[in-house]
Amino acid sequence: MLENLDFISESELTDWVNSHLESAAKELSAGYQGKTLLYSENGHKLVIKAPLGNLLTRPINLFLLRHEYRIYQILSGMQAVPVCYGMANEEYLVLEFIEGHTIRQNRPDSSSSFYVELFEAVEEMHHRQVAHFDLKRAENLMVTEDNKPKIIDFGVSINKKSGFHWLNQYLFKLAKQFDYNAWARHKYAKDMQSMSEEDRAYYKKTALEIASKKIKRFYKDRILRLFK
Ligand SMILES: Nc1ncnc2c1ncn2[C@@H]1O[C@H](COP(=O)(O)OP(=O)(O)OP(=O)(O)O)[C@@H](O)[C@H]1O
Ligand SMILES: [Mg+2]
């Protein structure tokens, strides 16, 4: 169901997606899991995320997209998160198009108010019991034309459940630390030596991050050398 969209009906938008899914013309990005399309007609712009895959993998990707939709509902109203209009035909996630660029393309200076606002957004997100988990990836953080943060891609985000769910609560805690670490890495452009005393309190590399770095280094040093 779609909400708060007055310039196109749900069935028209679904038809538009179905007719553009195969071509690369409207593509913002495409991977194994799904495709992100840019709808741009009559001065209106939308971003649409569609699941891809075969008989076996498409249902999983659709499940992840519905998970992302649920996260957008929880974060509804946050300045640093795009508006979500819902799921068209229960399969396509429809989002506000953010004018700007990703932080990979152009990174604000460490002293910019961008990082203060990003920090506040991360705290608000955690307060709403959501941890992003993949904020380190520079494609998942946008910078608007007026230098404000917009967090996108909640596909692997964790929503903390109430009651006793030890795995969910462990992952939530881990993902929260990942979010703070990602914030610090973006702010200092990975030059963690230059981090302020105050910010150091938030930056804690988790055992998982250290292990994955070691595995990557081992892979690069040892395995790739075999093929040189
Ligand atoms: N609301 C948006 N406004 C503007 N651009 C967006 C928006 N959402 C996504 N994009 C662009 O599309 C890209 C892919 O979106 P997203 O990260 O949500 O998809 P994904 O699940 O990572 O898919 P993929 O693996 O194909 O990148 C982003 O990196 C960004 O450049
Ligand atoms: Mg992404």
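**Entry 1: helices on the sheet**

I start with a term: an axis is a line fitted to C-alpha atoms, for helices over the stretch in contact, and angles run from 0 to 180 degrees between N-to-C directions. I also note that I am reading a predicted model.

I looked up helix α1, residues 10-20, first. Helix α1 lies across β2, β3, β4 and β5. Its direction makes an angle of about 70° with β4.

Then I looked up helix α2, which covers residues 58-74. I find helix α2 across β2, β3, β4 and β5. Against β3, helix α2 runs at about 135°.

**Entry 2: one residue of α1**

I picked H20, which sits in helix α1. Is H20 buried, exposed or partly exposed? I found 18 C-beta neighbours inside 10 Å. A buried residue needs 20 or more, and an exposed one has 12 or fewer. H20 therefore counts as partly exposed.

What does H20 touch, once neighbours within four places in sequence are left aside? I noted A25, K26 and L37. I also checked H20 against A138. The two are 118 residues apart in sequence. Their C-alpha atoms lie 27 Å apart in space.

**Entry 3: the sheet**

Next I traced the strands. I found an open sheet of 5 strands with antiparallel pairing. In which order do the strands stand? The order is β1-β2-β3-β5-β4. At the edges I found β1 and β4 (84-88), each pairing on one side only. I looked up the twist too: neighbouring strands are turned by 20° against each other on average, direction ignored.

I kept one general point beside this sketch: side chains in a regular strand alternate between the two faces of the sheet.

**Entry 4: strand by strand**

I went along the sheet from β1. Strands β1 and β2 run antiparallel and are joined by 3 bridges. Here I found A30 opposite K35 in β2.

β2 and β3 are also antiparallel, and 8 bridges join them. In this pair, L38 stands opposite V47 of β3. The two strands form a hairpin with 2 residues between them. I checked the turn: N42 has a positive phi of about 45°.

Next came β3 and β5, again antiparallel, with 4 bridges. I48 faces V94 of β5 across this pair.

Last came β4 and β5, which pair in the antiparallel sense over 4 bridges. I found that G86 has V94 in β5 as its bridge partner. V94 thus turns up twice in my notes, opposite I48 and as partner of G86. β4 and β5 form a hairpin as well, with 3 residues between them. In that turn, N89 has a positive phi of about 55°.

**Entry 5: burial in the sheet**

I asked how many residues of β3 are buried. I read 6 of 8, so β3 is largely enclosed by the rest of the structure. For β5, I read 4 of 5 residues as buried, and β5 is mostly covered.

**Entry 6: two domains**

I looked up the division of the protein. Domain 1 spans 10-96, and domain 2 spans 100-215. Their C-alpha centres lie 23 Å apart. I checked the contacts between them: 10 residues of domain 1 meet 14 residues of domain 2. On the side of domain 1 that touches domain 2, I noted 9 nonpolar, no polar and 1 charged residues.

**Entry 7: ligand 1**

I turned to ligand 1, which has 20 residues around it. Which of them come nearest? I wrote down S29, G31, I98, E139 and D153. I then listed the elements that give two or more residues to this shell: β1 (27-30), β2 (34-41), β3 (44-51) and β5 (92-96). β1 gives the most, with 3 residues.

I sorted the shell by class and got 8 nonpolar, 8 polar and 4 charged residues.

Where does ligand 1 lie with respect to domain 1 and domain 2? I found that both domains give residues to the shell, so ligand 1 lies between them.

Methods. Residues are numbered from 1 along each chain as its sequence is written. Chains are lettered from A and ligands numbered from 1 in the order in which they are written. This is a predicted model: local features need pLDDT of at least 70, side-chain atom pairs count only at pLDDT 80 or more; totals for chains, interfaces and linings use all residues. A residue is near a molecule or strand if its C-beta atom, placed from the backbone, lies within 6 Å of it. Ala, Val, Leu, Ile, Met, Phe, Trp, Tyr, Cys and Pro count as nonpolar, Asp, Glu, Lys and Arg as charged, and the others, Gly among them, as polar. Domain bounds come from an automatic or database domain assignment. Two strands pair if DSSP finds at least two bridges between them. Two residues are in contact if their C-beta atoms, placed from the backbone, lie within 7 Å.
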